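Subject: Predicted model for your review

Dear colleague,

Please find the structure below, handed over for your own work. A short account of the strand pairing follows it.

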Amino acid sequence: MRTDTAQPVRLSDYRAPDYLIEAVDLDIKLHLNATHVRARLSVRPNPLGRPGAPLVLDGDGLKAAMVLLDGVALDLGANALSPDRLTLSEPPRTAFELTIDTLVDPSANTQLMGLYRSGSAYCTQCEAEGFRRITYFLDRPDVLSVYTTRIEAEKAQAPVLLGNGNLVESGDITGSTRHYAIWHDPHPKPCYLFALVGGDLGSIHDRFTTTSGRNVELGIYVEHGKETRVAYAMDALKRCMRWDEEAFGREYDLDVFNIVAVSDFNMGAMENKGLNIFNDKYVLALPQTATDLDYAHIEGVIAHEYFHNWTGNRITCRDWFQLCLKEGLTVFRDQEFSSDQRSRPVKRIADVRTLRAAQFPEDSGPLAHNVRPETYLEINNFYTPTIYEKGAEVIRMLKALIGAEAFRKGMDLYFDRCDGMAATVEDFIACFAKVAGRDLTHFMRWYTQAGTPALSVSSDYDADAKTFTLTLAQSTAPTPGQPAKLPLVIPVALGLVGADGDLPLTTKAPDEDGGASAHECASGVFELTTASRRIVFHTVAERPAPSVLRGFSAPVKLDLDSNADDLLTLAERDSDLFNRWQAIQTLATRLLTTSVGAIRAGGLPKPDTRFAEALGGVLGAFASDPAFTAQAISLPTEADIAREIGRDVDLDAIHMARRELRRSVGAQLQPRLLSAYEALSNDAPYSPDARSAGARALRNAALDLICAGDARTGADIAMRQFQSAHNMTEQFGALAVLSMVAGDQREQALDAFYRTHASDPLVIDKWFALQALIPETETYERVRGLMEHHAFTYANPNRLRSLIGSFAANLTQFHAADGRGYDLIASVVMEIDSRNPQVAARLLGAFRTWRSMEAGRQAHAQLALKRVAATQGLSADVRDIVDRSLNLLTKERATDTLDSFRSRFSPRPAR
Ligand code: BES
Ligand code: ZN
């Protein structure tokens, strides 16, 4: 394990590699504890590198190597060969071949990086820096090689042998119980995309013919017995392959595309060339075991990894600072795919919810960083919502600014120009600048400045002049290392909603005061490029309700001066469904923040019947779009309210305020909720399509509100639904509602659920998660008890996330005022760090908002973090997160920052 002495890596230090590795020939003999790896590397000096430089190959915990240079054994002393480095101080000046033998122990690999065992299979995970745990290599994404891999294993243990690319040969080894397969991948790739799998696996197969006529064999490999759960994933795969041809003109480029599902996986899934490896939770689904949400995730993750074949694999990243180039762009692509397959506004609402829940807190806390970071200690810690979700938002803004047509042209140019390259964000943006004929230098600031901008909008109607004036202003608060912020280019999609719907947008010419371009008025997208801007709309016959930031056109915090009447107008008839939903959220958030203030002052929240009526109005129109209605009647979460309040957060008060609003809305709307619930009951066979899923989502959301208003009635209905459910969405939806009502009924339902699904790990994960999320003080003890349950284990990341990760997401209990939630998570982090640092570091990320809490909680959180920080021998992963969370800057990092910043945080002495 790499421990906490890691040196920072800086973007500004980037240098082209001194050597290139053109071909990699691997011969891998799989054995449980001693797998032999022979790597033959065809190396040559890079004309762009430093002539005669030493060749330094990366390793991580590697053992017992034999090294041949052009067939001659090298005598390497300890200086030249260590577990984490192989140095040739004077390599040949012309092309040469290195042969390296390493011995690795897949069974002992608990980090799940490199070659490891999951269940009875061998598998690999090499992104970001796992290949160096298999052999010594130039483990950096700008070294692209053609791979040939020979895999050998016991035939009985691993009848299935898979690698990247196409299968070229396979057979038995005569006189032995072993067999082999040789795979060849003609597309040069960085080593993080290398993969192999060996195991006794079941599979299903299908075929896809690309538009230009290439036949692709599709295979999905799973544990025996799970083949019946793969049909939906296969269907999603074929749909996304077709979509990428239609939406982006991208065809698949090999004869085989394989997916392997494993149950021990640190992340969701991995895009290895031609051999994607998945956490099985993003593959396996049957109506009785997976919810609609699971189905939607499977579709999205299958698409995401498949889309990487072009955005990530054919065009990869020059260095890890460019991670958003593949991840942000690919998230954008998978979001677009799901929008086209399902309901665009509903998908947008879900994505914005995720962005706000995960990225906004990161961006306003100690872990804030640029979409393109400039320094890192541990790259694993930069697979963040900022890289992914904000990275996707930046691309969405680019599209809004230059228009769909230019955007597609820019993508075409990018694929054309950069194919086969390890590219940078600049290379990417240059393509759009070129096709749109526009300078995007200012836009680049989205990549180089962290923090969520605040966009404030005020309005003024002049009834005599018939003008409506909007004043937009932006500002961004300081983030660690960036005290001063500059204005960004913000696309603000606008509409003016009158009594009969949208009003035409008319302004004067751009050079006149408050004017705008014809393009802005036609598209409705107005650019804010300076600190503030005034836009005057003319011939506005009535005072309209401004609909600002339609479709959430930029990842900003919007502060709108609209009054309740405006918001009610939008909720009722904005043509932009996102803003219709947003108007309700804003109304609810205003009520809730006022209630929190009242509760903290010792009072009680005032009931607001007008709000419930507005929700009732939305509910009345449910038949036209149940999925949208389900989102619209779901009130802001505790985290949403905490974020809105921003500082001195008291989660108990927030919880009370929210419970009270839900109670009053549920009670007031009970008859209407009940009739919607009844009307949505459905005996048709399960189908995971968006429309049916929407109906089930609304039915569960209605039940949830019924129960909030009247626990007895709600729990009875939920119990009936639980017992008669035809599918997991209904069953788990009912159980989730029951889990909120303390008492015997809940415990009985939980027991019954466990007994029904005991043999199914993915369902048992749901059972653990649900209990860890109960917002009651008893949950702490319940979680401690469940940690002793025979089905609980630290070894499986899904199980760990389901129980411990869910508890860390249980806001009232993780942030319990007495600090015991913090202590529990800190203890688990220390417990698992040496086993699996990546998962430990992610879990510790739960502390990211600690500074926004009220003083008592802050003190407890700081203590827990300091306890972690004081631990000897932490992994580099956890060390990095804990130090940044406490704002302990290394000397190195502190020298980067400006004086004004330095005075606010005391730099930590160098280690
Ligand atoms: N390339 C990543 C997988 C990865 C993440 C490898 C971190 C190494 C470290 C993959 O494409 C990915 O982004 N997976 C996501 C799911 C996706 C749908 C956003 C994941 O694993 O969470
Ligand atoms: Zn990805």
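The notes below describe two sheets.

This is a predicted model, in which local features need pLDDT of at least 70 and side-chain atom pairs count only at pLDDT 80 or more, while totals for chains, interfaces and linings use all residues. Residues are numbered from 1 along each chain as its sequence is written, chains are lettered from A and ligands numbered from 1 in the order in which they are written, and side-chain values use heavy atoms, with hydrogens and water left out.

Strands are DSSP runs of E with at least two residues, numbered from the N terminus, and two of them pair if DSSP finds at least two bridges between them.

One open sheet has 4 strands in the order β10-β11-β16-β13, with antiparallel pairing. Because β10 (114–118) and β13 (160–163) each have a single partner strand, they stand at the edges, and one side of each is left without a neighbour in the sheet. From one strand to the next, the twist averages 20° (axes are lines fitted to C-alpha atoms, and angles run from 0 to 180 degrees between N-to-C directions). Between β13 and β16 (residues 196–199), 4 bridges make an antiparallel pair; Gly163 has Leu196 in β16 as its bridge partner.

Another open sheet, also of 4 strands, follows the order β30-β26-β25-β32 and has mixed pairing. Its edge strands, β30 (532–537) and β32 (557–560), each pair on one side only. Neighbouring strands here are turned by 20° against each other on average, direction ignored. The pairing of β25 (residues 454–462) with β32 is parallel, over 4 bridges, and Lys557 in β32 stands opposite Ala454.

With kind regards
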